[in-house]
Amino acid sequence: MRVTLARPSELGVPELNRWRALQESQPGFDNPFLSPEFTVTVGQLRDMVRVAVLYDGSEIVGFFPFERHPLGIGKPVAAGLTDAQGLVHAKDVEIDPHRLIRQCGLSVYEFDHLVACQPLLDDRHERHPSPIIDLRDGHEAYTAFLREHSGKTYKSTLAKSRKLGREVGEVRHEYATTGTEPLHTLLGWKTDQYRRTGRTDRFAHQWIVELVERLLAIRTETFAGVLDMVYADEQPVAGHFGLRTRTTLAGWFPAYDTRFAKYSPGLIHHLAMAERAAEADIETIDMGRGHKEYKEKLKNGELQVAEGRIATTGPAAGVHWLMRVPARRTRAVVLANPVLHRMADRTLKTLGRLRTARS
């Protein structure tokens with residue numbers, strides 16, 4: 001197997017079309033974070049993005065997008081932001097992952113949301129559930145599931161939506177809007193949420209803000225940025241920015257105005273989003289790995305993603321192991337244990353309150 005390396009901007013129309021064809025050939029690759037448009041857009045803003053193009057003879061059989069960091073450390077494109085990572089390849093192709101990493105000039109490739117159907121995946125890597133809203137049987141079937149399995153949440157959310165309409169004003173949902181003003185309103189809410197909960201503010205990095213703006217401007221049949229907002233009396237209340245393929249909407253940045261918190265605006269928004277997404281022929285809303293109360297209430301299925309690394313033999317790989325693996329394993333233990341997770345979450349929120357009070 002032959003491997004060539006390219007910057008995303010160097011891929012031509014034939015290569016990009018082949019990438020899309022390979023992506024659509026297997027259900028496991030149906031996620032916009034694995035689409036060529038995402039890698040190309042990130043590559044416009046991040047100089048370390050590369051794509052390994054895999055050939056069997058003269059035929060392209062795979063695309064492996066990655067970022068090359070110092071010491072030959074490889075990471076997924078837009079590492080830390082994406083909920084689906086990996087290699088897009090032809091079915092039944094045989095790929096030696098360690099050889100591929102060496103051919104990419106990497107000593108290590110680390111990941112935390114590696115999708116299924118990957119030759120990069122082995123039994124040592126940790127698997128984690130990634131909750132989804134499955135709309136393949138239609139929106140009515142989904143709401144029937146919620147009434148049966150999350151009936152209290154579903155009924156109370158509808159009641160709060162009616163209450164929001166009575167007390168604030170008419171509730172309106174705008175799906176797949178292209179306005180930059182509501183986008184920046186949403187990003188402001190998200191920044192407040194990061195600070196309030198003690199998390200790192202991703203939008204303090206200008207390249208991430210610009211990435212979201214550029215992705216919002218892409219609208220094709222196979223890929224688009226999707227912004228949707230809920231309004232009450234024409235005031236923005238809650239919203240979400242994500243990405244879609246033909247049939248999968250990847251959840252990314254949901255947020256709401258805390259002034260309306262008593263109405264559960266996040267849940268109101270997600271129910272409205274599911275309905276409109278189903279009307280737009282979306283079959284799956286991937287809410288991403290991670291235990292969140294709203295995900296548990298809304299999910300009716302799960303995918304699986306993996307966390308781990310592929311390493312060659314050498315000093316750089318050894319240093320990387322010491323710096324990353326013990327901390328990653330500790331984090332995984334905390335996230336898997338509900339009691340430890342709640343304790344860590346409370347600690348972060350306390351730090352967030354202190355940081356907010358000082359600012």
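The lining of the second largest cavity comprises five nonpolar residues, two polar residues and one charged residue. In this predicted model, that cavity has a volume of about 30 Å³, and its walls are formed by Leu146, Thr153, Tyr154, Thr157, Leu267, Leu271, Lys297 and Leu298. Two or more lining residues are contributed by each of helix H5 (151–167), helix H8 (265–279) and helix H9 (293–298). Helix H5 supplies the largest share, with three residues.

In total, the structure contains two cavities of 30 Å³ or more. The largest cavity encloses a volume of about 80 Å³. Its lining is made up of Trp19, Phe33, Leu34, Thr39, Pro65, Pro76, Val77, Thr82, Ala84, Gln85, Gly86 and Tyr109. By class, eight of these lining residues are nonpolar and four are polar, while no charged residue takes part.

The protein chain as a whole is built from 11 helices and 13 strands. Of its 359 residues, 50% are buried. Contacts distant in sequence are prominent in the count: among those between residues at least 6 apart in sequence, 73% join residues at least 24 apart.

The largest nonpolar core consists of 65 residues, of which Phe38, Leu54, Phe64, Leu100, Leu215, Phe241 and Trp252 touch the most other members. A second, separate core has 18 residues, including Leu135, Leu271, Ile282 and Leu298. Leu271 and Leu298 also belong to the lining of the second largest cavity. With neighbours within four places in sequence set aside, phenylalanine 38 is in contact with Pro32, Phe33, Val77, Ala78, Thr82, Leu215, Phe223, Leu243 and Trp252. Among these partners of phenylalanine 38, the residues Phe33, Val77 and Thr82 also line the largest cavity.

The second largest pocket holds about 570 Å³ of space. A total of 31 residues line this pocket, and Pro27, Gly28, Phe29, Asp30 and Thr248 lie nearest its centre. Helix H1 (13–24), helix H2 (36–43), strand S7 (126–134), strand S12 (284–286) and strand S13 (301–311) are the elements that each give two or more residues to the pocket lining. The lining divides into 10 nonpolar, 12 polar and nine charged residues.

Helix H1 also carries arginine 18. Arginine 18 is classed as partly exposed because its relative accessibility is 24%, a value that lies between the 20% and 50% limits of that class. Beyond residues up to four places away in sequence, arginine 18 touches Glu59, Ile60, Val61 and Phe63. Between arginine 18 and glycine 62, the C-alpha to C-alpha distance is 8.8 Å, at a sequence separation of 44 residues.

Two cysteines were examined for their accessibility. Cysteine 104 has a relative accessible area of 2% and is therefore buried, the limit for that class being under 20%. Cysteine 117, in contrast, is counted as partly exposed because its relative accessibility is 39%. A disulfide is a covalent bond between the sulfur atoms of two cysteines. With a cut-off of 2.5 Å between cysteine sulfur atoms, the count of disulfides in the model is zero.

Conventions. Residues are numbered from 1 along each chain as its sequence is written. This is a predicted model: local features need pLDDT of at least 70, side-chain atom pairs count only at pLDDT 80 or more; totals for chains, interfaces and linings use all residues. Side-chain values use heavy atoms; hydrogens and water are left out. Buried means under 20% relative accessible area, exposed over 50%, partly exposed in between (1.4 Å probe, protein chains only). A nonpolar core is a set of buried Ala, Val, Leu, Ile, Met, Phe, Trp, Tyr and Cys residues joined through side-chain atoms within 4.5 Å. Contact means heavy atoms within 4.5 Å. On a 1 Å grid over the protein atoms alone, a cavity is a set of points where a 1.4 Å probe fits but cannot get out, and a pocket is an open set with protein on both sides within 12 Å along at least five of seven lines; lining residues have an atom within 4 Å of a point. Grid points are joined across faces, edges and corners, and a volume is the space filled by probe spheres set on the points. Ala, Val, Leu, Ile, Met, Phe, Trp, Tyr, Cys and Pro count as nonpolar, Asp, Glu, Lys and Arg as charged, and the others, Gly among them, as polar. Helices (H or I, at least four residues) and strands (E, at least two) are DSSP runs, numbered from the N terminus.
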